[in-house]
Amino acid sequence: MTPPTSVEGVPQNRRARSVGIGRAHAKAILLGEHAVVYGAAALALPVPQLTATASAGWSSPGRGADGGLSFTMTGSASRAVVTLASDGLRRLAAAFTERMGVTGGAHLDVILDGAIPPGRGLGSSAASSRAIVFALADLFGVELSEAAAFELVQTAENMTHGRASGVDAVAVGASGPLRFQAGRAEELEVGGEGLFIIADSGTAGSTKEAVELLRESFTREAGAQQEFLARAARLVDEGQDALAEGALEELGSALDRYHELMRAVGLSTGRIDAMVEAARGAGSLGAKITGGGLGGCVLALTQPEQAGRVARHLHDAGAVQTWVVPLRRHAGHAH
């Protein structure tokens with residue numbers, strides 16, 4: 001991904017529109033969790049069914065808080081999540097207005113409607129940030145490049161997660177499965193058709209806590225980091241090849257083995273393991289935890305004729321909700 005360039009020439013307090021709208025969607029990691037933080041590759045899947053939509057408008061002077069920004073969240077997030085998110089998103093909005101050269105006391109009113117459950121490894125924070133960035137760009141009549149959007153979202157992600165790989169910041173705006181490594185994204189070839197079922201365990205994980213737990217485990221055992229990264233890289237490459245060839249059984253096997261890799265370093269939970277086993281027992285081609293771990297969601301690959309059975313078994317094993325994401329053939333390209 002090329003370095004973002006600053007946007008010049010935005011007039012002070014430019015009011016190109018009365019309301020700006022921005023949208024983004026959820027994502028799930030197919031393969032490569034945690035390894036991607038260390039510069040290895042990861043494969044990600046956009047989840048267009050789960051969205052974040054932001055609207056940005058002008059508020060009357062004096063109404064806005066914290067530098068002229070009034071921020072409201074709607075949806076089902078808990079009060080603690082809303083408080084944490086609003087603090088980070090206020091900083092994001094401030095970074096946007098600074099970058100765009102907007103000065104002179106603009107009073108902004110931002111409303112975020114988020115359907116992506118937080119703490120589930122689905123990119124809730126990145127999608128919220130991207131939606132807000134594009135809502136502000138729309139409000140100010142600014143053409144925002146993908147590189148500039150990435151930089152702004154990534155800054156917010158680093159505030160939220162500590163050390164963010166960047167995969168979420170890209171995947172929440174992607175139109176198809178992608179490979180991400182060290183700041184560069186490439187759309188993937190998909191040679192077969194199937195379904196991914198994403199199942200919410202009902203328990204939030206913490207990416208920051210999981211990253212620290214793994215880092216500590218690497219320091220305790222010589223060679224542990226190199227072994228983890230080598231195994232992860234092999235599974236990512238195998239999964240990418242299987243995806244391109246339409247070899248869904250092989251892709252499922254890579255998912256199964258990546259789950260074992262995550263479980264072996266303590267990043268799974270009892271409920272997640274039970275859900276993974278339930279999906280496999282119901283005919284899934286492969287299943288794994290998705291996201292940082294210590295809670296979150298299970299990702300199961302299945303043929304359409306098995307999808308209903310797999311979803312029922314996941315609910316029986318503790319899933320509180322499920323979503324179905326089709327995997328469709330298409331050829332990818334670098335960008």
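**Reading salt bridges and a buried threonine**

Modeller: A search through the whole of this structure, which is a predicted model, finds 12 salt bridges.

Colleague: Which residue forms a salt bridge with R120, and how far apart are the closest N and O atoms?

Modeller: The general idea is to look for a side-chain nitrogen of Lys or Arg within 4 Å of a carboxyl oxygen of Asp or Glu. Here the partner of R120 is D200, and their closest N and O atoms are 2.7 Å apart. D200 belongs to strand 7 (residues 194–200), while R120 sits in the loop between strand 4 (108–114) and helix 2 (124–140), so this pair ties together parts that are 80 residues apart in sequence. Both D200 and R120 are buried.

Colleague: Where do R179 and D237 lie, and is each of them buried or partly exposed?

Modeller: The side chains of R179 and D237 meet in a salt bridge, with 3.1 Å from N to O. R179 lies in strand 5 (residues 178–181) and D237 in helix 6 (residues 224–245), so the bridge ties together parts that are 58 residues apart in sequence. To judge burial, one asks whether the relative accessible area is under 20%. R179 counts as buried because its relative accessibility is 17%, whereas D237, at 35%, counts as partly exposed.

Colleague: Which helices does the salt bridge between E238 and R257 tie together?

Modeller: E238 and R257 form a salt bridge whose closest N and O atoms are 2.7 Å apart. E238 is in helix 6 and R257 in helix 7 (residues 248–264), so the pair ties together parts that are 19 residues apart in sequence. Elsewhere in the list of bridges, D256, E260, R263, E277 and R280 are joined into one network by salt bridges that share partners.

Colleague: How should I read a single residue such as T290: is it buried or exposed, and what lies around it?

Modeller: One begins with its place in the chain, then its cover, then its neighbours. T290 is found in strand 8 (residues 286–290), and with a relative accessible area of 0% it is buried. A polar atom of its side chain lies 2.8 Å from the backbone oxygen of I29. Leaving aside neighbours within four places in sequence, T290 is in contact with several residues, including A28, E33, G121 and V298. R120, already met as the partner of D200, is also in contact with T290.

Colleague: And what does the protein chain come to as a whole, in helices and strands?

Modeller: The chain has nine helices and 10 strands, and 53% of its 335 residues count as buried.

Notes: Residues numbered from 1 in each chain as written. Predicted model: local features only at pLDDT ≥ 70, side-chain atom pairs only at ≥ 80, totals over all residues. Heavy atoms only, no water. Helix = DSSP H or I, 4+ residues; strand = E, 2+ residues; numbered from the N terminus. Buried < 20%, exposed > 50% of the residue type's maximum accessible area, 1.4 Å probe, protein only. Polar contact = N/O pair within 3.5 Å; in protein donor to acceptor, adjacent residues only side chain to side chain. Contact = heavy atoms within 4.5 Å.
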